[in-house]
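Student: I should like to examine one packed pair of elements closely, together with the chain to which the pair belongs. Could you please describe that part in a connected account?

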Amino acid sequence: MKFLSKAAATTALAATAFAVSSVANADAISDRQAKMKTVGKSIGIVGKMAKGQSDFDAAIALQAFVDMKNAAQGFEALFPDGSGEGKTEAAPAIFTDRAGFEAKQVDFVAALDKVTVAAPADLKALQASLRDVGANCGACHKAYRVKKN
Amino acid sequence: MRRLLITSLVVVLFGAGVFWWLTEPKTAGNEVISWLDKEGDVSKGKTVFWAGGCASCHASKDAEGDDKLLLGGNHQLVTPVGTFNVPNISPHPDYGIGSWTVEEFGNAMLFGTSPNGKHYYPAFPYTSYSGMDFEDIKHLWVFLKTLPSVETRNPPHSLSFPFNISRGTGLWKLLYLNASSVLNIDDDPVLKRGQYLVEVLGHCGECHTPRGMGGYGGLDKSNWLAGGPAPEGDGKIPNITPHESGIGSWSEDDIVYYLESGFTPDFDSVGGSMVSVQQNMAKLPKSDLEAIAQYLKAVPPVASN
């Protein structure tokens, strides 16, 4: 009986630990997706200007780059081991090649540092800034994102 | 009994002979070779090089910038049939194609036949390149000759049975290698150029079109560009027909902008193996990207599977 209750306690503990870690992973997934949504939205704002779908506005463009930079901070910390499962497009390579993944993040933030310090003053400068920043999207998504649909 | 044995032996030998004859690696006729003698143009060759996406496989996997011109191979394609170790096509005389003749190069591009008369596997998309203009082969050849020599010796492919039988590829080619175009286009020069870039040089169909025979066969042209499972790794290759489950909502400008910048109309970014394809495409003249966009709008819309 005592054995049984011990077993039950262990099982309960393990189940709790599992639940806690999967909750943590679910949180990490939704947090990083929220950050990525902000990045996507901000890219959309400057992208529409670059593409000629909306008028160039230096202040709005700068704000979009600042928002992107803020969202990018701490992004790489939101990939705890085991959070590559579930509703996520995180590629397995993130967890097997952390150094490579983090290097892409460093490049991205560096590009954003540059455009937020020297804010693009006209459409041409904005297009160039978007090219520099945007190259980092594909560079990271090449190996570290898997599209599932 | 003895008679039966002899008869079956004859049948088997005859069958083997037919197999051998049918799967013989093909090489170019005089018509092709006469073109290959013409003068090549390096700058035209450069366009063919980027449109053809050579660097996506023949440069190392994470090559950026000028490193994309180092065609030493050093890149593995991991597929369900095994691992392809991409060969060195730099001008290195021993490990690359430095000692090849232009005829040998033409045979590789058009027929998937190596200088020593072996079949190449269709991981090398000669199935698309077989429709190349002969002069483009010459342009590409002279351009490749200008690139740095790379001293990388790549290991042979490591494939599972029966895919490791070279003559099996000969059989596969008999069934699936033909240079005919997919879409019938009259004489609209822009659409024709788009067709050439998509169907031939860009070999877009090799990934964006599903294959028959459980994924091992040729392209299922009734589902041309309708997407399918990724030939390498996880994930799916998107439908790029003008269907609503494809890129029907994209304008021609959207397609051009995507190929230039890597951004979809929703400003999602290019990813996976398309990243290097997009980077190659961004190097083409805008008129070529517009031709691709027109062609993609002209293909029949097909629902994703």
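**A helix pair and its chain**

Tutor: Among the elements of chain A, helix H1 (residues 2–51) of chain A has the lowest mean pLDDT, 79, and helix H2 (residues 58–72) of chain A the highest, 97; pLDDT is the predictor's confidence in each residue, from 0 to 100. This is a predicted model, in which local features need pLDDT of at least 70 and side-chain atom pairs count only at 80 or more, while totals for chains, interfaces and linings use all residues. Residues are numbered from 1 along each chain as its sequence is written, and chains are lettered from A and ligands numbered from 1 in the order in which they are written.

The pair in question lies in chain B, whose secondary structure comprises 13 helices and five strands (DSSP runs numbered from the N terminus: helices H or I, at least four residues; strands E, at least two). The C-alpha trace of chain B spans about 75 × 45 × 40 Å along its principal axes.

Helix H9 (residues 189–201) of chain B and helix H13 (residues 286–298) of chain B have axes that come within 7 Å and cross at roughly 90° (lines fitted to C-alpha atoms over the stretch in contact, with angles from 0 to 180 degrees between N-to-C directions). H9(B) is therefore roughly perpendicular to H13(B), a term for angles of 65 to 115 degrees.

Contacts (C-beta atoms, placed from the backbone, within 7 Å) involve, among others, Val190(B), Leu191(B) and Arg193(B) in H9(B), and Asp288(B), Ala291(B) and Tyr295(B) in H13(B). The residues of this contact divide into nine nonpolar, three polar and two charged (nonpolar: Ala, Val, Leu, Ile, Met, Phe, Trp, Tyr, Cys and Pro; charged: Asp, Glu, Lys and Arg; polar: the others, Gly among them).

Terms used
Parallel < 35°, antiparallel > 145°, perpendicular 65-115°, else oblique. Contact = placed C-beta atoms within 7 Å.
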